[in-house]
Structure formats: structure tokens, C-alpha cells
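Please open the structure in your viewer and keep the sequence beside it. This tour proposes a series of selections and describes what is found at each stop.

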Amino acid sequence: MEFDLPRAVGILVLIVAVGAGGLIGAEMMPLRTTLMMVVPSMLVFGGVTFALGVKHGEFRATGA
């Protein structure tokens, strides 16, 4: 399966939505805290790790 940017971003958003839904459903913290602090940090962390993964994949693909 080949991943293009829209598909990869969609999978990232889906993972974050499932995680946020689990936190909201478990009522571990207030809804406002989850939506204003946890979800944005999950998206930023996912974006950073996605970018690092892409760069690492490019490095490995060049055979260096």
C-alpha cells in the first residue's frame, strides 16, 4: 500500500480522534482540558513524528 500525503494525514487524524474519544469516554479529565490541551498536543506530536519518519525514510531509501 502506497501512502500519499492526504491518506497519511487522514490516518493521523483518525488515530488522534480515536485517542481523544477514548479519553473523553473514560472521563479522565474535564472535556475542556481534553479538547484545549490534549488534542492539540497529540496533533503536534503526531506531525513532528510524521515529519521525522518521512525524513528517516528518505535517508534509508537513498542507501546512505
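**First stop: the loop**

Select Glu27, which lies in the loop between H1 and H2. Helices are DSSP runs of H or I with at least four residues, strands are runs of E with at least two, and both are numbered from the N terminus. Before going further, note that this is a predicted model, in which local features need pLDDT of at least 70 and side-chain atom pairs count only at pLDDT 80 or more, while totals for chains, interfaces and linings use all residues. Residues are numbered from 1 along each chain as its sequence is written, and side-chain values use heavy atoms, with hydrogens and water left out.

What is the sign of phi at Glu27? The angle is positive, about 50 degrees, although Glu27 is not a glycine. For comparison, most residues other than glycine have a negative phi. Glu27 is also exposed, with a relative accessible area of 67%. Here exposed means over 50% relative accessible area, buried means under 20%, and partly exposed lies in between, using a 1.4 Å probe and protein chains only.

**Second stop: the whole chain**

Now display the entire chain. How many helices and strands does the chain contain? There are two helices and zero strands. The C-alpha atoms fill a box of roughly 50 × 20 × 15 Å along the principal axes. The radius of gyration of the chain is 15 Å, whereas a compact globule of 64 residues would have one near 11 Å. This radius is taken over C-alpha atoms, and the globule rule is 2.2 Å times the number of residues to the power 0.38.

Switch to a surface view. The accessible surface of the chain comes to about 5100 Å², and 73% of this surface belongs to carbon and sulfur atoms. Such areas come from the Shrake-Rupley method with a 1.4 Å probe; for residues, only the protein chains shown count as cover. Buried residues make up 11% of the 64 residues.

**Third stop: a nonpolar patch**

Select Leu5, Val9, Val13, Leu43, Phe50 and Val54 together; these residues make a nonpolar surface patch of about 470 Å². Helix H1 (5-26) and helix H2 (31-61) are the elements that give two or more residues to the patch. Patches are made of residues with over 30% relative accessible area and no salt bridge; nonpolar side chains (Val, Leu, Ile, Met, Phe, Trp, Tyr) are joined within 5 Å, and like charges within 9 Å. Val54, in helix H2, is partly exposed at 34% relative accessible area.

**Fourth stop: from Val16 to helix H2**

Select Val16 in helix H1. Is Val16 buried or exposed? Val16 is buried, with a relative accessible area of 8%. Next add Phe50: Val16 and Phe50 are 34 residues apart in sequence and 13 Å apart in space, C-alpha to C-alpha. Then add Pro40, which is found in helix H2 and is partly exposed at 33%. The C-alpha atoms of Pro40 and Val16 are separated by 9.3 Å, with their positions 24 residues apart along the chain.

**Fifth stop: a salt bridge**

Side chains of opposite charge can pair when their charged atoms come close. The structure holds one salt bridge, a term for a side-chain nitrogen of Lys or Arg within 4 Å of a carboxyl oxygen of Asp or Glu. Select Glu58 and Lys55, which form a salt bridge with their closest N and O atoms 3.3 Å apart. Glu58 and Lys55 are three residues apart in helix H2, which means that about one helical turn separates them. Glu58 is partly exposed at 41% relative accessibility, while Lys55 is exposed at 55%.

**Last stop: Arg7**

Finally, select Arg7 in helix H1, which counts as partly exposed at 40% relative accessibility. The C-alpha atoms of Arg7 and Glu58 are separated by 18 Å.
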